[in-house]
Every structure is written in structure tokens, then in C-alpha cells.
Amino acid sequence: MSITESSPTAAGSGASASDAFRASQERRGVAGTPPERVATVVSAVLKGVHDAIKEHDVTYPEFQAAKGWLMEVGDGGEWPLFMDVFVEHVVEEVVAKKQQGTKGTIEGPYYLPDQVKLGSTCKLPRRDDEKGTPLVLSGQVRDVDGTPLPGAEVDIWHADSDGYYSGFAPDIPDGNLRGVVVTDDEGRFEINTVEAAPYQIPTDGPTGKLIEAAGWHPWRPAHLHIMVRADGHRTITTQLYFAGGDWLDSDVAEATKPELVLDPKDDGQGGKREEYDFELEPV
Ligand code: MBD
Ligand code: FE
């Protein structure tokens, strides 16, 4: 295997995250924003930049280097990656203040809509030789008042045991380790999958180069992404993490929360099991 075929290169993951984002913009639609709002927020952002320049005596070479780097982020299609790693967690923190129910966290750049629909007890699509410890995640989707929600959708996507996502890395079949699980008449689900590995920001792109230049690390702890939808309820977008895993206390994307950390138990057959329930607030 050559490095270009087997690594989560910037060219492979950054640019395709941009394509996925453009498609999602069509889905979400873009609301008209009044000029006062634009001026207020953009002025505050620019003030932050201006203040940093003054506070740290930023030089002309540094200013020009920053300009070149910004151009590279765009050319490499890494804006979705950069924004979701370094900015999304604060947006989520702000909206979460007004929300009830199961804790959410950031969506990140690797969600893909319209994945295969699966029955309440199911196996996520995987390769015949999919590596990784088997993991069964079961639970119930309920309203915040405790009422079970049959027919809710548990839309799950995660990296493989090498830390790569289908749709964003070469050589992984479309839809691998992705699926929309529909809950049974008691709101329950049981998903058979494999443990994900920690995720590393591609080191060969502009985001990775910035991380290296700053002496930071490029890792997210192992995680499962989950979006839970039910009629009449606010959709929850969240992630589940694993107790004791690497990078849990230093996620580069700052998206962990104590409530979202699982501690799966051995099932006695070489695999692991865990339960996690989701509570959705009515809209
Ligand atoms: C990921 O897998 C992720 O979840 C986020 C938030 C950013 C980059 C890669
Ligand atoms: Fe992720």
C-alpha cells in the first residue's frame, strides 16, 4: 500500500468534506440575515483579530504568512474541517444553553445524509474483513417526559478501527459504518458495530500544518457520531466517547462532555456492550 492510498490525506478528506458541506447547505437553506446582525458579529470578529495583532506585535512576514495559509485552507477544501475542529464547539455550547434532553455536541465534517435504513436490531454495514473489537450499543429513545418514541431514527456514523471515515478516505466502500436505525414499538434499538479508533487530523494539509507549527496535537478521542430524530421533537446531534481512551482529556476539537463517555463492558466473547438512552425535547 502506498501512503497516498492508505492515509487520511488532506486531499482525500478535506476536499470531500467541502463537497459534503456544499450539499448540506442546500438541505439546510440559508436564512436572510439583517445587515445590523452581520455588522455586529463581523465587527466583533475583526476586533478580535486586530486586538491579537496589537497585543502580540504581529509582523509583516507573519501577516503575509497568515494570508498564504488562509488561501491554502480554501484551495485544499479544508474550511469545513478547520471550522468544525476549532470553532463549532463554541456555537454548540451557546445553543445548548437553551436545550433540554440528552447532551449534544458538534456534528463535525463527516456526516452524510440518506444512509441505509436499518431495523431496530441491526448490524451496521461493514466490510467482510472489518477490523476492530465488536461493539453492541443498545438503548431507548424517549421524550424528556419518559414516553418511548417508536419509529425514531438513530442516524449513526463513525470511523473504522484505523480512524478513517467512509466517503472521506480512499478504499472504504460507500456507507461503511453508517446507517439510520429505526426504533421498535418501545423506542428501543440495538446496534452491532465495531469500536472506532481515535481520529487524526490529516497532517499533510493546511490544518495539520498549523497544528504542527503551533506544537499542538492533531487527535480526537475515539467516538461514535449519532443524530437522533423523532417526529415532533428537536433533533439531537451528539457523539459518544469511551472511558480511558486516548485524547479524551485533550480533544483537539474540544467536543467531549462527561455525560457522553461510555464504559462498555466485556460481553465474555471478545466483544463489548453498552447501553445508552436518548431523551428528546418536544418542539
Ligand atoms: C472528526 O471525526 C470530527 O468528529 C470532527 C468534529 C472534526 C474532525 C474530524
Ligand atoms: Fe468524527
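**A colleague's note on the predicted model**

1. Let's begin on the outside, with M71. At 55% relative accessibility this residue counts as exposed, because the cut-off for exposed is over 50%. M71 belongs to helix α4, residues 60-75. Its C-alpha atom is separated by 19 Å from that of T59, and the two residues are 12 apart along the chain. Please keep in mind as you read on that this is a predicted model.

2. Now to the metal. Which residues are the protein donors of the iron ion (ligand 2)? They are Y165 through OH, H223 through NE2 and H225 through NE2, at 1.9 to 2.1 Å from the ion. Along the sequence these donor residues follow the spacing Y-x57-H-x1-H. The two histidines, H223 and H225, are both buried.

3. The donors turn up again around ligand 1. Its surroundings include Y165, H223 and H225, together with L81, V85, I106, G108, P109, Y110, Y199 and R220. Three side chains come with polar distances worth looking at in your viewer. For Y165, a side-chain N or O atom is 2.9 Å from an oxygen atom of ligand 1. For R220, the corresponding distance to an oxygen atom of the ligand is 2.8 Å. For H225, a polar side-chain atom lies 2.9 Å from a ligand oxygen. How much of the accessible area that ligand 1 has on its own does the protein cover? The protein covers 100% of those 260 Å².

4. Next, the nonpolar core. The largest one has 46 residues, and among these V141 and F278 touch the most other members. Helices α2 (10-28) and α5 (79-86) each supply at least two residues of this core. So do several strands, including β3 (134-143), β4 (153-158), β6 (188-194) and β9 (223-229). Strands β10 (236-242) and β14 (278-280) also each supply at least two. As general background, nonpolar side chains tend to be buried together in soluble globular proteins.

5. F278 deserves a closer look. Setting aside neighbours within four places in sequence, F278 is in contact with T102, Q140, V141, R142, F189, I226, V228, T238 and L240. One of these partners, V141, shares with F278 the place of touching the most other core members.

6. Another partner of F278 is Q140, which lies in strand β3. Is Q140 buried or exposed? It counts as buried because its relative accessibility is 9%. The Q140 side chain reaches the backbone oxygen of E186 at 2.9 Å. Beyond four places in sequence, Q140 is in contact with P148, E186, G187, R188, F189, Y276, D277 and F278.

7. Three loop residues are handy for finding your way around. S120 sits in the loop between β1 (117-118) and β2 (121-123) and counts as buried because its relative accessibility is 18%. Outside its sequence neighbourhood of four places, S120 touches V181, V182, T183, D184, R188, F189 and E190. L112 is placed in the loop between α6 (88-96) and β1, and at 22% relative accessibility L112 is partly exposed. L112 and S24 are 88 residues apart in sequence, yet their C-alpha atoms are 8.6 Å apart in space. Leaving out residues up to four places away, L112 touches A20, S166, G167, F168 and R178.

8. S161 is the third, located in the loop between β4 and β5. With a relative accessible area of 24%, S161 is partly exposed. Its side chain reaches the backbone oxygen of K131 at 3.5 Å. K131 is also among the residues that S161 touches beyond four places in sequence, along with G132, E195 and A197. The C-alpha atoms of S161 and E130 are separated by 8.2 Å, with their positions 31 residues apart along the chain.

9. Finally, two backbone angles to check. Most residues other than glycine have a negative phi. L177, which is not a glycine, has a positive phi of about 55°. L177 is in the loop between β4 and β5 (178-182) and counts as buried because its relative accessibility is 1%. W247 also has a positive phi, near 70°. W247 lies in the loop between β10 and β11 (261-262) and, at 29% relative accessibility, counts as partly exposed.

Key
Residues are numbered from 1 along each chain as its sequence is written. Chains are lettered from A and ligands numbered from 1 in the order in which they are written. This is a predicted model: local features need pLDDT of at least 70, side-chain atom pairs count only at pLDDT 80 or more; totals for chains, interfaces and linings use all residues. Side-chain values use heavy atoms; hydrogens and water are left out. Donors are N, O and S atoms within 2.8 Å of the metal (3.2 Å for Na, K and Ca); water is not among the atoms, so sites may look incomplete. Buried means under 20% relative accessible area, exposed over 50%, partly exposed in between (1.4 Å probe, protein chains only). Helices (H or I, at least four residues) and strands (E, at least two) are DSSP runs, numbered from the N terminus. Contact means heavy atoms within 4.5 Å. A residue is near a molecule or strand if one of its heavy atoms lies within 4 Å of it. A polar contact is a pair of N or O atoms within 3.5 Å; within protein, one must be able to donate a hydrogen and the other to accept it, and residues adjacent in sequence count only if both atoms are side-chain atoms. Accessible areas come from the Shrake-Rupley method with a 1.4 Å probe; for residues, only the protein chains shown count as cover. A nonpolar core is a set of buried Ala, Val, Leu, Ile, Met, Phe, Trp, Tyr and Cys residues joined through side-chain atoms within 4.5 Å.
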